[in-house]
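Work through the exercises below with the sequence and the coordinates at hand. Each task is followed by a solution that goes step by step.

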Amino acid sequence: MLEKHYTVPKSRKLYYGNQVDYTGYSSGIVSVYIKLNNGEINSLYLHVEPDALHVACTCGMPDGQLCLHAYIGLYNIAWAHSIDLKPFYQPGYNSDEKVQNKFLDVQVTKNRIYNKPRPMFGRLFRPIVGFEDFEGLSLGEPLPEQHCVMEGNRQVIAFCIGYGEILNMLGQLPVLIACQAQTSRDNTSLISYKELGEPIENIDSQSIGPRQLVLMEKAAEMRSLLVAFGKSTYDRNEPKHRAIKSTLVILWEEVMQLILFEPFTYAFRPVKVLYQKGKLKWFSKHEIRPCRFSVERPVLYFILKHHNDHFSLAAALSVNGVELKFEYKTQLFVVEQDTHCHYLMDSVEADDLLNWMNECNNRLTILNEHFAEFHHTFLKNLSEYCRVYFITPGTGKKSIYQLDQMAIYAQ
Ligand SMILES: [Zn+2]
């Protein structure tokens, strides 16, 4: 590049013994002290534009062309100092010393000149250049429309699981409730809830996503099922009740896949969920608490233990091979102890069985002398239905239950 502007001197001598030092950077101009090996002393002034480098020399460049001082100076800078001039294009940020010191960190030593935006200003926008190195950050398809930072006092759609707390929470089947709610002013919670019926009021129907529409349909289906169910308490011996519960399992299965992505999910737990004219009779915020749902389905298993003269059998649940400790159990759901997360049970049968166990302290007691009959009339079927583990007395070792290994205990 330099050769284009200066006829390259033939003599190699010219290149040696020259002194080139940086002396300053101000108003967008890099000052350079240059002393040639013939003793001539000059100063160079460099000004960088995106596509040009302006050079001035104290010799005034009498030929109207690049002078030897500038040639040697730039040659030295390019080869010895290896300076990258690009950062010195800082239009506006170096208009005067004060502005420059505010935005730029400039350090000048003889051999080095350093010029960088001060970290607190991050990247500086420069005309024509824009932001350097931005090319790699190509913007793809527009992001889905999302509200990154939202105002409070918004109308939103929330989804609740609703069930009554009477009869150890096993009296009522759980229903999905779609509701319209308002966010608090600081946008961190919901402050009012209203069951969503038809038509949807005060809410921009455009803002309801397809997933929410499906959830609202499921909520309406469950509501009509449970309105028809009336005030009955679930009775597992009633085929009609079990049929409704089976339908609910299917509906809830579909709901669980979708509700995970909902930002507002709650549990509504009054004493009893009551309907009047097809709508919730009572839907108070005092009985609504935030809750989460899990797509994992707990697996039911049993633990058999021997205690001298008798055996005990207890039910338990596991998720991903780890025991799920639950805080409470309602129809079809268990609520995990620490996370308060709702898990949907695998089937009506497993749910009814676990509830049956929990009705009596989750314990069956069998005297040693009754064990053989207990096996043939009960445990054999159970162990074919789900895992039954036997805990070896003394060692506490857990193994899969087998009748022939019980002989030494069942005497
Ligand atoms: Zn000159």
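## Exercise 1: the sheet from β1 to β4

Task: starting from the pairing of Val32, trace the sheet around β3 and state what its edges look like.

Solution. Val32 has Leu44 in β3 as its bridge partner. Before going further, note that this is a predicted model, in which local features need pLDDT of at least 70 and side-chain atom pairs count only at pLDDT 80 or more, while totals for chains, interfaces and linings use all residues. Residues are numbered from 1 along each chain as its sequence is written.

Step 1 fixes the terms: strands (E, at least two residues) and helices (H or I, at least four) are DSSP runs, numbered from the N terminus, and two strands pair if DSSP finds at least two bridges between them.

Step 2 follows β2 (residues 29-35) into β3 (residues 41-49), an antiparallel pair joined by seven bridges. Another residue with its bridge partner in β3 is Ile29, which is matched with His47. The two strands form a hairpin with five residues between them, and Gly39 in this turn has a positive phi of about 95°.

Step 3 continues from β3 to β4, where six bridges hold an antiparallel pairing and the hairpin connection consists of two residues. Here Leu46 has Val55 in β4 as its bridge partner.

Step 4 assembles the whole: the sheet is open, has four strands in the order β1-β2-β3-β4, and is paired antiparallel. β1 (19-26) and β4 (52-57) each have a single partner strand and stand at the edges, so one side of each is left without a neighbour in the sheet. On average, neighbouring strands are turned by 25° against each other, direction ignored, where the axes are lines fitted to C-alpha atoms and angles run from 0 to 180 degrees between N-to-C directions.

## Exercise 2: domains and cores

Task: describe how domain 2 meets domain 3, and then locate the largest nonpolar core.

Solution. Step 1 sets the bounds, which come from an automatic or database domain assignment: domain 1 covers 2-121, domain 2 covers 155-291 and domain 3 covers 299-405.

Step 2 turns to the pair in question, whose C-alpha centres lie 31 Å apart. The contact takes 18 residues from domain 2 and 13 residues from domain 3, with two residues in contact if their C-beta atoms, placed from the backbone, lie within 7 Å. Helix α5 (residues 239-259) supplies eight residues, the largest share of the side of domain 2 that touches domain 3.

Step 3 considers the core, defined as a set of buried Ala, Val, Leu, Ile, Met, Phe, Trp, Tyr and Cys residues joined through C-beta atoms within 7 Å. A residue is buried if 20 or more other C-beta atoms lie within 10 Å of its own, exposed if 12 or fewer, and partly exposed in between. The largest core has 49 residues, and those touching the most other members are Ala158, Cys160, Leu176, Ile177, Ala178 and Cys179. Strand β8 (residues 175-183) gives the largest share of this core, six residues, and at least three residues are drawn from each of domain 2 and domain 3.

Step 4 looks at one member: not counting residues up to four places away in sequence, Cys160 touches Ile177, Cys179, Tyr266, Ala267, Phe268 and Ile288. Apart from this core lies another, of 18 residues, among them Cys67, Ala70, Leu74 and Phe88.

## Exercise 3: a mixed sheet

Task: find how β14, β20, β19 and β18 are arranged.

Solution. Step 1 takes β18 (residues 326-330) and β19 (residues 333-336), which pair antiparallel over four bridges; Lys329 has Val334 in β19 as its bridge partner. Their hairpin has two residues between the strands, and Leu332 takes a positive phi near 70°.

Step 2 adds the parallel pairing of β14 with β20 (residues 341-344), made over three bridges, in which Ser294 stands opposite Tyr343 in β20.

Step 3 combines these: the open sheet of four strands has the order β14-β20-β19-β18, with mixed pairing. β14 (292-294) and β18 are at the edges with a single partner strand each, so one side of each is left without a neighbour in the sheet.

## Exercise 4: two leucine and valine positions

Task: decide whether Leu354 and Val99 are buried or partly exposed.

Solution. Step 1: Leu354, in helix α6 (residues 348-359), counts as buried because it has 21 C-beta neighbours inside 10 Å. Leaving aside neighbours within four places in sequence, Leu354 is in contact with Leu300, Ala315 and Lys329.

Step 2: Val99, in helix α3 (residues 97-103), has 14 C-beta neighbours inside 10 Å and therefore counts as partly exposed.
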